[in-house]
Every structure is written in C-alpha cells, then in structure tokens.
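The following paragraphs offer a guided reading of a protein model. The reader is invited to keep the sequence and the structure in view throughout.

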Amino acid sequence: MSSKVNCFIPYQDEVQVKETVKGLKENSSVSKIYLLSVNPEAKPLEGCEIVHVESMKCTPAMRKIAERSDAEFTLIYTKESTLELGMFALERMVKLAGDSSAAMVYSDHYQVIDGKRSACPVITYQSGSLRDDFNFGSVLLYRASALKDAVSRMQTDYKFASLYDLRLKVSQKGELVHINEYLYTEVEQDTRKSGEKIFDYVDPKNRGVQIEMEAACTEHLKEIGGYLEPKFKHIEFSENNFEYEASVIIPVYNRIKTVKDAIASVLKQKTSFKFNLIVIDNHSTDGTFEAIEEFAGDQRLIHLVPERNDLGIGGCWNAGVHHPKCGKFAVQLDSDDIYSDENTLQKVVDSFYAQNCAMVVGTYMMTNFNMEMIAPGIIDHKEWTPENGRNNALRINGLGAPRAFYTPVLREIKVPNTSYGEDYALGLNISREYQIGRIYDVLYHCRRWDGNSDAALDIVKMNAHNTYKDRIRTWELQARISLNKNKR
C-alpha cells in the first residue's frame, strides 16, 4: 500500500512519543509524522516535523493541521500516552474509509488502565450525537479533503472547542463511520468511575470550555436548520381545574435506605396552596412498601402499586401524572434524594407563573449518603438560558434537578417508559415549543452512593445509555428541522 496518511501526534518530549512514533514509522501507509508541541524549544525526532501550537484544542492548531494535510488521509491522535496500533490496523481504517466514502472513521479499541488491558467498545455516531464529550476513542482518521473543507468553514477561533467544531462541520457533509473492530491500544489515565465523570460538563471550573462548546453547537444547528429562536408558546394556567395545585411524584423500587427521607422532605413542605405526594412503588421487595405505609396516616400521601409489571421509571411517572388526584404541576423527587428545605415546592410553583413556562429546572447540590457536600458541589445548569437553552439542550447530557412539569402538557406528551433518559427526552420535547423556567437557589440534595443506579456503570451499560440519549437527540433534531421547514 502506498503512503496515504499524515499523522499528527501530541508531543511533550521524546520519551512520551518514542514508542508511538516507532510504530507509525514501521507502517508503510504513513507518509509524514508531525509532532504538535506547545513548547517553542521542542526538538524534533528524526523523521518527524515539529508543529508549534498553543494547544491541541485551539482553532489555529486545526488550521496548521489542515495546511499540512497533503496525503489522502489525516490521522489525529488525541492522547499524550503511548499508542499501539494493531496488526494492519491503519491499513484497515484506510480501506474502510475508502470503501464507505467516509469523511472520518474511528474504531473500538483496547485501554490499558493500571497495567491491565480491557476492551473499550465505542458507539455509532448519529446526527443527534451532539455531545461534545462523545467518545470516538483517541485515533481519528479523517479524509484530508473533508478535514480541509471543514477547517476552511471555521468562523470562530476557539481555545477549547476546535476538535468539536471540526467534527460537527465534517459531519455536515460526510459520514463519521464507526468500525466495530478493536484496532489499537491506548493508555487511559482517567480512572474515575462513570458516576464521577458524568458531571464534568457542569463543573464550574469548566465553564469557559462549556461556553465555547455551546457556541460551536449553536452555529452547527443554524447551519443544518435545527436552531430554534427564543419564541415560546404562552400558557394560560387558569384554563384547567385541579383539586391540587401541585403533586410531588416519587417512583421507587427497593430503596429502603432512602425512601423515608425523601417522603419526609416532601411532607414538611410549607406552601400557600394544596399539594399531595404520589409515591409509585414499582413492586419493591426489600421493605420499601412497608416503609411508605408508615406515612399512611398523612392524607396527602397517595401510595400506588401498579397493576402492570412492565413499567420503568417513565411508566411509573405516567401512572402518577395520569392519576385523577395529580395536581396542576407535577414535581420530581428521586427516592434517593431530598428537598433542601421546606420552601422548595413553593419556589417551584411560583416559578411557573413568574416565568410562564411548561417546565421548571432547579439547582441541586451533590452530597454523599450523609448529606455532606461532595465535588463538584452545586450544580446550577447555567446552560439553560432563556435565549439559547433549548438549543444547548441538544449538546448537554442532563437537565438539572428538581424538574417540574405543567401537568396538561406532560399528559399530552407522555413520559417514555424507560428507566434512563426519560426526563431528558421530556425536556427536549417540551422545550421545542415552551419556555423552560430556571431556579438558581439550591432546592435539592442529590445523594451519590454505591447503591445509585449510575454510580459505577460498566462500559456496555454506559454505551447503551449514551446510544439511547443520542437517539433521543436525533429524533428531536429531526423534529426541529421539520418544524423550521414548515415555517417557511
């Protein structure tokens, strides 16, 4: 095979890249190797060329890569640890990129963590795979013509978002193809559990990064016809008659350790209106049923056990929301968590009227099981702005808490019968037409503990969750593009 690939590798020093470069040099399909260095004093390795960049994540670095991409394909390696390509792996990537006419290919791979190698499958890219943290792995093989075209269309110089901007622009004109084969081994240095990684995007220290990612995503949505202007339907809250102004909804299954705390935090709420609590016990077997019944003396408590045995969390929500005693506003509380004080429910309901919204998203604090604050602390989801929140919602991976809904809208849309992502699907769907209200006071304590459903998921489960959320985004993006077309 003739030389078809130019390779771009992050470069700190010779020790860091020595084995990676050696492996690439031995591959006949490699044309040139470029070392991307932030050190102006860096010395090149034999057979390699230094390219000085401010960082791997900035737009000028992408322009320098594009300028040097004179082979058919461009390989960008995104890690500073050693890369070990599998036997004929690069040849395989080149062949499949050619066969599929892909603009970019990426593959499953192996990771070495603490000296142990394990399989790391990734997922297939969709039009709704708009998360800036979508995991492609560390080896990205672009068709050089697609890369150069995308870079030529970059309108903004980013410090952090250039790789994200690149793949969004590449995806506008070509396919990003997932190769379901394990083609290389990388060293993984981020060994945190899944439950710790999922909050990176809302960590306050990453706010500058997130602002850039939002700008890149918004530009992309405008270019593909998926952007929505900040114009919303008005709601007349007086149109419907409800016995209760609000209902707190708690779906629960086997949460004997926490459910009583959750219920108590609801029943102590102080409000100027009538409210109740609907607990949907999804056939618990650990004593949760009996724990709920300890509160049976309070007439505000409605304890439901569904007749059906096929309900996920979303199905339990449907059972609660469609109950005849459900209030005008349905307010979320997970069975693991508690409201921060007795004023939460009042603040939520007040916000519906003040902001004329069909959904309210609050602010919460991460805590351990004992309600002591843990990193990253207070999560305020500032990305939910009135101006751009519903566009940015297609990029982020969560909504904040507690979440509350105007019941007539929720009854019309209905909750997906899943146990993951159902709230996210609702937020996207509702925000297509209605305003999402925001509260920046801490209303909610979100407990993290070993019993949490997403505390430490294996990669197969994480991939399933991410695939589903990307699917939700794809459906929503298609709906928004269609909505905009019909307005013309």
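In this predicted model, a convenient place to begin is strand S13, which covers residues 329–332. Phe329 and Val331 point one way from the strand, Ala330 and Gln332 point the other way, and all are buried. Strand S13 has partners in two further strands. Strand S10 (residues 246–252) runs parallel to S13 and is joined to it by 4 bridges; here valine 248 stands opposite valine 331. Strand S17 (residues 403–406) pairs with S13 in the antiparallel sense, over 3 bridges, and in this pairing tyrosine 406 is found opposite phenylalanine 329.

Threonine 407 belongs to helix H13, which comprises residues 407–413. With a relative accessible area of 0%, threonine 407 is buried. Neighbours within four places in sequence aside, threonine 407 is in contact with Phe242, Val321, Cys326, Gly327, Lys328, Phe329 and Ala330. Two of these contacts, Phe329 and Ala330, are residues of strand S13.

In soluble globular proteins, nonpolar side chains tend to be buried together. The largest nonpolar core of this model has 111 residues, and those with the most contacts inside it are Leu166, Val248, Ile250, Ile263, Leu277 and Phe352. Apart from neighbours within four places in sequence, leucine 277 is in contact with Val248, Ile250, Ile263, Val266, Leu267, Arg300, Leu301 and Ile302. There is also a second, separate core of 32 residues, which includes Val17, Val30, Ile33 and Leu85.

Aromatic rings supply another set of links, for the structure holds 15 aromatic pairs. One of them is formed by tyrosine 106 and phenylalanine 134, edge-to-face, at 6.3 Å centre to centre and with 85 degrees between the planes. Tyrosine 106 lies in strand S6 and phenylalanine 134 in the loop between strands S7 and S8, 28 residues apart; both are buried. Phenylalanine 237 and tyrosine 353 have ring centres 5.0 Å apart and planes at 65 degrees, so this pair too is edge-to-face. Because phenylalanine 237 is in the loop between helix H7 and S10 while tyrosine 353 is in helix H11, the pair ties together parts 116 residues apart in sequence. Phenylalanine 237 counts as buried at 6% relative accessibility, whereas tyrosine 353, at 37%, is partly exposed. Ring pairs link Phe237, Phe329, Phe352, Tyr353 and Tyr406 into a cluster.

Helix H15 (residues 459–487) completes the tour. Its 29 residues, at 1.5 Å a residue, should span 42 Å, and its end C-alpha atoms are 42 Å apart, which agrees. At the start of H15, a side-chain oxygen of aspartate 458 comes to within 3.1 Å of the backbone nitrogen of valine 460.

Key: Residues are numbered from 1 along each chain as its sequence is written. This is a predicted model: local features need pLDDT of at least 70, side-chain atom pairs count only at pLDDT 80 or more; totals for chains, interfaces and linings use all residues. Side-chain values use heavy atoms; hydrogens and water are left out. Helices (H or I, at least four residues) and strands (E, at least two) are DSSP runs, numbered from the N terminus. Buried means under 20% relative accessible area, exposed over 50%, partly exposed in between (1.4 Å probe, protein chains only). Contact means heavy atoms within 4.5 Å. The expected span of a helix is 1.5 Å times one less than its number of residues. A polar contact is a pair of N or O atoms within 3.5 Å; within protein, one must be able to donate a hydrogen and the other to accept it, and residues adjacent in sequence count only if both atoms are side-chain atoms. Two strands pair if DSSP finds at least two bridges between them. A nonpolar core is a set of buried Ala, Val, Leu, Ile, Met, Phe, Trp, Tyr and Cys residues joined through side-chain atoms within 4.5 Å. Rings of Phe, Tyr and Trp (its six-membered ring) pair if their centres lie within 6.5 Å; planes under 30 degrees apart count as stacked, over 60 as edge-to-face and the rest as tilted.
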